[in-house]
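Thanks, everyone, for making the time this morning. Please have the viewer open, since I will go through two topics and it helps to follow along on the screen.

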Amino acid sequence: MKMHKFWLLLLAWLLTACGEGGGGLTTAVNVDTASAIPGMGLKGSPVSPLTFSNPYPQIPAQCYIETSRGTQNACQYCHTNAVYQAGLGNNNPQAGLEARIGNLQLEYAFAPYETNAPLATINHWENTLKPENLRAVVVAMGIDPTAWDMRTYLRTDNWKAAYDQRPGDPKQWDAGVQSAFRLFPGLDPADLPASADGFVRSTTAKNGFFSDAQGWITGWRALNFMPYGIFTPMTGSVSGIYIRLPEKFMRHENGSFDLAIYQQNLDLLERAIQGRLLPADGKTFVGKAQDVAVQRGLYPLGTEFAHPLHYVDVRAPGARSRRVKEVRYMYKANAWYPDQHRPGEKSEGTGVYGNDAQGWVDNGAGWLLAGYIEDKNGALRPQNREEMTQCIGCHSGITRTEFPTFTSGTGNTVDSTWAMPRKFAGALGWQEMNYLLYQPDPNASETAIPGKAGQGDPLNRELGKGELRYFLETVVGASLYGDMPPAVEAVLAGVIRQVEGYSADWPSLDTSSAERFQQVQTLRQKLMREFTAKGEYLETDGTIKGGLLYPPERDALAAAARYRQVVVSQRYSKGKDVFPETPVTFRHFRDPAEPLTRVDGTAYQTGEMITERPIEQDNPASVTYRAGNSATQIDDTQPYPQGNYNPAYLPLLRFPLQFESTPAPAGVVKRRLDWDDIPVSVLPLNLKGMLGLPDGQGFAVMEYQGKQFLVQSGRELHTHQGVKLLEVSERYALLQQGKHLEKLELGDHTVTPHTAQPALPVLSMDELALVDLKSFRDNAALDPYRLFDAVQPEAVVVNGKLSGYRLTPGADPALFHKAGLQAGDVLLAVNGVKLESEAQAVQLLEQYEGAVQLSLTLQRGKDEINLPVNFQEFELALNAQAG
């Protein structure tokens, strides 16, 4: 449990106990009443997935791989509990929190829709599993893939022709005309690339809402985010991502268009999706959108995403070819509140609602998904519902309604999305997707590393390790298939050598026996962790080694040609990922004494291709009857970093951005040193106390020339120009002056409970009578950070030791007085237990969680006051809103 949650609850209890007392709470949610609703005449129909050639297209091919006795845990990149536990737009915990879902890191628990439905344990992704079959189909069509000129193909545009078939106003999400391209995103590729600030501007007036000095503002803004193992140069596909909010988010309160207002609303949304809203952010968006609530982990109605998926062209910016494999689109059409739907009640097996002719489906969790993919000649066409159900598999949630629509999804999306949660903070994230600032080398040969990265490895929010580092350590591969392309093998073999201080040389895979294969995979994981720990996956300037990210041109062209075989044969329902040969992770290398079996119980032999997995057949009355029941061999008794199990992986980055090594990109704060290595500030400042929020954010109470003031992380000190409070911890405040970091330490001075307080405004009885404390508590149940408007806690340190928390007025002193509090009140104890550390305070909260009443001890002047607090009603409301 985080410290900020402790304070939110504790302040809530104080305000419930004091002043006017408890009282009932209203928990109505301020729902977006914008006119963003599905278009007039947008008609679809349901189709049963049992009619598909693959009845389970929502289960991707990579879910069927072996984990090499658990040394390759790609499962966690979709299947964890962390986003659900963080209350960030997800109700699909998939690592053991919900019995109906199970733990998808530990078991291949593929469940049929019903007991008499086809089995889900059968791998239908033939193109991925048996690429030789795909080649045979293409040859039988009279096509010779070796004769293709793939460079020319990749550099031939097919997006513009599809966009030109979209009728209607490109500024509207729905063309409003019954057309095959009705929901094709209104993003004109002729307007790309985006400007330096990420906004897509046009020279064509009809494409823009308003204009500035650089052109017409289309409303679209590019996103740059940290990818992993799905769409990367090494996998053969790279993305562009663009977001657009409805027109009202671009307008000032007076109705005029205002780019600054739009930027502010987009920044607010970013913080909401990434779970780092601040008290100062308020409850609503700004400008004309001030009637729309900012909701943690949720997008407002009318949000649009455009996602062109490109082939890899290593000679192009961002490695993005002119040709697109697909153009994908998402539109937030309906309100969806994940906490209103019980985990484990997905509607898989019900009808997939959509329109094949127009290429869209309803994901069942608030979004319309549309997709346009290459036809056999390379032009874009609408996708059918079987093809689009693959998208629902990754972009969905859990909803139960009277007339259910097919839902699915993973545990690691925020409101069905992947990109915005992993967006780089600040200007680095508001630009074209560039795959770690990829810089092509025009002189590179077609067999050489084609370029280099321009940035380092960003730290994961919870792990404190670089995202790529963690991926390499836990997957030991280049993608979620656990495969290792020859180009990456060459990089590792060239660096990981015993003579260079490693425990062994990097070994090639040995498939001569199951025992030898497992030994080599275990050794490869060990060596990979040595490699990342040494920082040798980075260049000397701190950027990531290009050979780990970008394939040689010859390899990229070969991968594009393999995918083009899928295009000409139109076998998308049999898999889009095509390897030179069956990946080794689809072959059987388990202990021969305990082999994996087929559905009929026959055992696989060493090296044999795994085409199906066993099922539970003991009890026909069981809810797991005919569901998969084989273990992944990931060991839940060996969590990361000792082992490879992690049910709490959270796919979010630290804020401010920090990197495994320097330098960071311009304008981005570099990774700080350990606290012990940061010099103590020589500024004439004293650190009086702190309030910690997630990821180093929070507030610090500082003293300058005998006067105290409050400063928020990320803000400049008003007493010292050019000095910014960067982050706070339990004992330190980190300051930044230009490129220089220094710290203030708590406890270098003595503070007593009787220290004089800053003068407070004098409020009349009439002014106090106007304060509606109950209304404030009601609003705080919806937006807990409003509590800090009333009360600001400050750590009281005596002889270097925490002795309590002084309570001072927040932004609204009237609330403080109305609550019955007095300046200088110090919270000393909970249930008689003194507060002597923040960690202990959190433990106390956990210890008394579920209690109906606590006794708080306050010091007021020379007196101690015991305050009984009944907080059950408020906590229920607060938790209901927090999810």
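I will talk about one asparagine and its surroundings, and after that about the internal cavities.

Please keep in mind throughout that what we have here is a predicted model. Let me begin with Asn91, which sits in the loop that runs between helix α2, residues 82–85, and strand β2, residues 107–108. Is this loop residue buried or exposed? With a relative accessible area of 1%, Asn91 is buried, because the cut-off for that word is under 20%.

Which backbone oxygens, then, lie close to the polar atoms of the Asn91 side chain? One is the backbone oxygen of Pro338, which is 3.1 Å from a polar atom of that side chain, and another is the backbone oxygen of Ile398, for which the distance to a polar atom of the Asn91 side chain is 3.0 Å. If we leave aside residues up to four places away in sequence, the contacts of Asn91 include Pro338 and Ile398 again, and also Tyr84, Trp336, His341, Pro343 and Gly397.

Now to the cavities. The count comes to eight cavities of 30 Å³ or more, and the largest cavity holds about 260 Å³ of space. This largest cavity is lined by 20 residues, of which Thr232, Leu468, Ala478, Leu548 and Leu549 are the closest to its centre. Helix α9, residues 467–475, gives the most to that lining, with four residues. As for the character of the lining of the largest cavity, it divides into 16 nonpolar residues, three polar and one charged.

Terms used
Residues are numbered from 1 along each chain as its sequence is written. This is a predicted model: local features need pLDDT of at least 70, side-chain atom pairs count only at pLDDT 80 or more; totals for chains, interfaces and linings use all residues. Side-chain values use heavy atoms; hydrogens and water are left out. Helices (H or I, at least four residues) and strands (E, at least two) are DSSP runs, numbered from the N terminus. Buried means under 20% relative accessible area, exposed over 50%, partly exposed in between (1.4 Å probe, protein chains only). A polar contact is a pair of N or O atoms within 3.5 Å; within protein, one must be able to donate a hydrogen and the other to accept it, and residues adjacent in sequence count only if both atoms are side-chain atoms. Contact means heavy atoms within 4.5 Å. On a 1 Å grid over the protein atoms alone, a cavity is a set of points where a 1.4 Å probe fits but cannot get out, and a pocket is an open set with protein on both sides within 12 Å along at least five of seven lines; lining residues have an atom within 4 Å of a point. Grid points are joined across faces, edges and corners, and a volume is the space filled by probe spheres set on the points. Ala, Val, Leu, Ile, Met, Phe, Trp, Tyr, Cys and Pro count as nonpolar, Asp, Glu, Lys and Arg as charged, and the others, Gly among them, as polar.
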